[in-house]
Structures are given as C-alpha cells and as structure tokens.
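User: Please take a close look at one part of this model and its surroundings. Explain what holds it in place and what lies around it, in terms a first-year student can follow.

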Amino acid sequence: MLLSSAATASKDALYPKTEEEFAGIIIPNEWKPMEPLTKSSKSYRLVKWGTVVILCVLAVLLVLVVMTDWLGESFFTLAYIFFILINSVRHSGNLFILPKGIILNGKLVFYHQIKDCETEQIIRWHPLYGLDDKVNNAYKLTFRLKRTLFQPQFIVVQTAAQLEQIITLLNQRGVRCYKQLPDQKERAPYV
C-alpha cells in the first residue's frame, strides 16, 4: 500500500527528473545509482509479490504450529522468522522530492514529519570512504524524521551541484538542513 502510493506520487517529483539526476544519487549498501520508481519496475513487482508469498508461507507455518505439534513450542522462533522474512523483502532505496513531501526508501514522508537533514562530505577517514569509488568525495545526506524508531536514513549525492539543488528545494519547503563540519562534531546551518 505505501509503496504503491509512493510509486504513483513519484510521477510528480520535482527532483530527480533526468537520467543524470538519477545517476547522481547513490543508494547505500548497494552503491548503485537510483532507479525510477514505477509500478512496472522489477523491484516494485519483487516487493509486491514477494510480500504476498512470504505472508502465505508464514500463514501456513502458523497453522502448522497451532494445529499440530510438528514444530513444537516454537512461537518465538516463528516470530523471529516472520520478522526476518518481512524485512528481507525491501524496495531498493530512493529519494524523490515532491510538492507535498519526499519519498524516502519507498515511503512517502510529508515535510512536517521531517525534523531536519544533515550533509557531510565523504572524505578520508569518513566511515563510508573507501566502500565504493562512487562514494569517495561525494556527500552523505541524512534525514532525521519525527516519531520513527529507525533513525537516521541517508542517501549519497555525488556532486556538490546536485546537493545544492536538493538542499534548495528542501529549504523552500521548510526543511532545515545542516552541514557537518569536517573533523568536528558541530553542525552549522546550511546556507
């Protein structure tokens, strides 16, 4: 449901629009350029049908545990399996800036739900430096969201020009962005 509404809303994105803009956003863990989010894309179909298959398998396992003694006393094990399987079917990361919010990793987040964002350059001694050649000397853009358990969520932007464009669009919509100063733990407002 969330991914479906995000795919529909991504058509109205203010950023990214061109192939160059898509290629400039690098997705963490995969270190691949971001791809468009549409209902016909392979990753969308994988998440949609993968979730249905996993829920069916888990329903069968639950029936086996409740109706038979085949798996024994394994309610807690079944809960762990459920959690691991559901979290394993994820859409690859993405960032779309929309008129009313952003799509971050397949979820629509309205601007009032964003606490702030922070940028830092990935230079030598940064934890992400050296993981991939595309990431070196790029920029990490971290979003802090209000009322969420899993913080922070980030993407990597390859060029300073693209980062400026993203920050300008976010500032116009009331999202405060900060710049992490090198070799310091301080944050400065992004100007």
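Analyst:
**Strand 7 and its neighbours**

In strand 7, phenylalanine 143 has cysteine 117 standing opposite. The model is a predicted one, in which local features need pLDDT of at least 70 and side-chain atom pairs count only at pLDDT 80 or more, while totals for chains, interfaces and linings use all residues. Residues are numbered from 1 along each chain as its sequence is written, and side-chain values use heavy atoms, with hydrogens and water left out.

Strand 7 covers residues 139-145, and strand 6 covers residues 114-121. Helices (H or I, at least four residues) and strands (E, at least two) are DSSP runs, numbered from the N terminus. Strands 6 and 7 run antiparallel and are joined by 7 bridges. Two strands pair if DSSP finds at least two bridges between them. Strand 7 is also joined to strand 8, here by 5 bridges, and these two run antiparallel as well. Leucine 141 stands opposite isoleucine 155 in strand 8.

How many of the 7 residues of strand 7 are buried? The count is 6, so strand 7 is largely enclosed by the rest of the structure. Buried means under 20% relative accessible area, exposed means over 50%, and partly exposed is in between (1.4 Å probe, protein chains only).

Next come the charged side chains. The whole structure holds 2 salt bridges. A salt bridge is a side-chain nitrogen of Lys or Arg within 4 Å of a carboxyl oxygen of Asp or Glu. One of them joins aspartate 116 to arginine 144, with 3.5 Å between the closest N and O atoms. Aspartate 116 is in strand 6 and arginine 144 in strand 7, so this pair ties together parts that are 28 residues apart in sequence. The side chain of arginine 144 also meets that of glutamate 118 in a salt bridge, at 3.4 Å from N to O. Glutamate 118 is in strand 6 too, so its link to arginine 144 in strand 7 ties together parts 26 residues apart in sequence. Asp116, Glu118 and Arg144 are therefore linked in a network of salt bridges.

The members of this network can be described by their accessibility. Aspartate 116 is buried at 6% relative accessibility, and glutamate 118 is buried with a relative accessible area of 6%. Arginine 144, at 24%, counts as partly exposed.

Strand 6 holds another residue to look at, threonine 119. Threonine 119 is buried, at 2% relative accessibility. The C-alpha atoms of threonine 119 and lysine 140 are 5.5 Å apart, although the two residues are 21 residues apart along the chain.

On the other side of the account is strand 8, which covers 153-157. Valine 156 lies in strand 8 and is buried, with 0% relative accessibility. From C-alpha to C-alpha, valine 156 is 9.0 Å from isoleucine 122, and the two are 34 residues apart in sequence.

Now the loops. Between strand 7 and strand 8 lies a loop that contains lysine 146. Lysine 146 is partly exposed, at 36% relative accessibility. What gathers with Lys146 in a patch of positive charge on the surface? The other members are Lys115, Arg147 and Arg176. Patch residues have over 30% relative accessible area and no salt bridge; like charges are joined within 9 Å, and nonpolar side chains (Val, Leu, Ile, Met, Phe, Trp, Tyr) within 5 Å. Lys and Arg count as positive, Asp and Glu as negative, and His and the chain ends are not counted. The place of a charge is NZ of Lys, CZ of Arg, CG of Asp or CD of Glu. Areas come from the Shrake-Rupley method with a 1.4 Å probe, with only the protein chains shown counting as cover for residues.

The loop between strand 6 and strand 7 contains tryptophan 125 and asparagine 137. Tryptophan 125 has a positive phi of about 80° although it is not a glycine, and at 76% relative accessibility it is exposed. Asparagine 137, also not a glycine, has a positive phi of about 65°. Asparagine 137 is partly exposed, with a relative accessible area of 43%.

In short, strand 7 is joined by bridges to strand 6 and to strand 8, and Arg144 shares a salt-bridge network with Asp116 and Glu118.
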